[in-house]
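Work through the exercises below with the model open. Each task is followed by its solution.

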Amino acid sequence: MISPPLDHDAREDLKLLIDASPCFTLHFDASAIEVQAEDFDDLDHLRLVVIPGP
């Protein structure tokens, strides 16, 4: 699935979220995974890195 480009306000909001805390939890049905997001290509793409569990 390809998302449409973000508008200016959405890009600014996303940048603020990543700057405040780049760690997110992605939920898939009954499972979840911790990732760290990095802006890539001026927020046109995000690089997600899995944070290893304990």
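**Exercise 1.** Find the salt-bridge partner of glutamate 38 and state how exposed both residues are.

Step 1. Apply the criterion: a salt bridge is a side-chain nitrogen of Lys or Arg within 4 Å of a carboxyl oxygen of Asp or Glu.
Step 2. Glutamate 38 pairs with arginine 47, and their closest N and O atoms are 3.4 Å apart.
Step 3. Use the exposure classes: buried is under 20% relative accessible area, exposed is over 50%, and partly exposed lies in between (1.4 Å probe, protein chains only).
Step 4. Glutamate 38, at 30% relative accessibility, is partly exposed; arginine 47, at 38%, is partly exposed as well.

The model is predicted: local features need pLDDT of at least 70, side-chain atom pairs count only at pLDDT 80 or more, and totals for chains, interfaces and linings use all residues. Residues are numbered from 1 along each chain as its sequence is written, and side-chain values use heavy atoms, with hydrogens and water left out.

**Exercise 2.** How many salt bridges does a search of the whole structure find, and where does lysine 15 take part?

Step 1. The search finds two.
Step 2. Lysine 15 meets aspartate 19 through their side chains, at 3.4 Å from N to O.
Step 3. Both belong to helix α1 (residues 8–20); because they are four residues apart, about one helical turn separates them.
Step 4. Lysine 15 is partly exposed, at 33% relative accessibility.

**Exercise 3.** Give the order of helices and strands in the protein chain.

Step 1. Helices (H or I, at least four residues) and strands (E, at least two) are DSSP runs, numbered from the N terminus.
Step 2. The chain has one helix and three strands, in the pattern α-β-β-β along the sequence.
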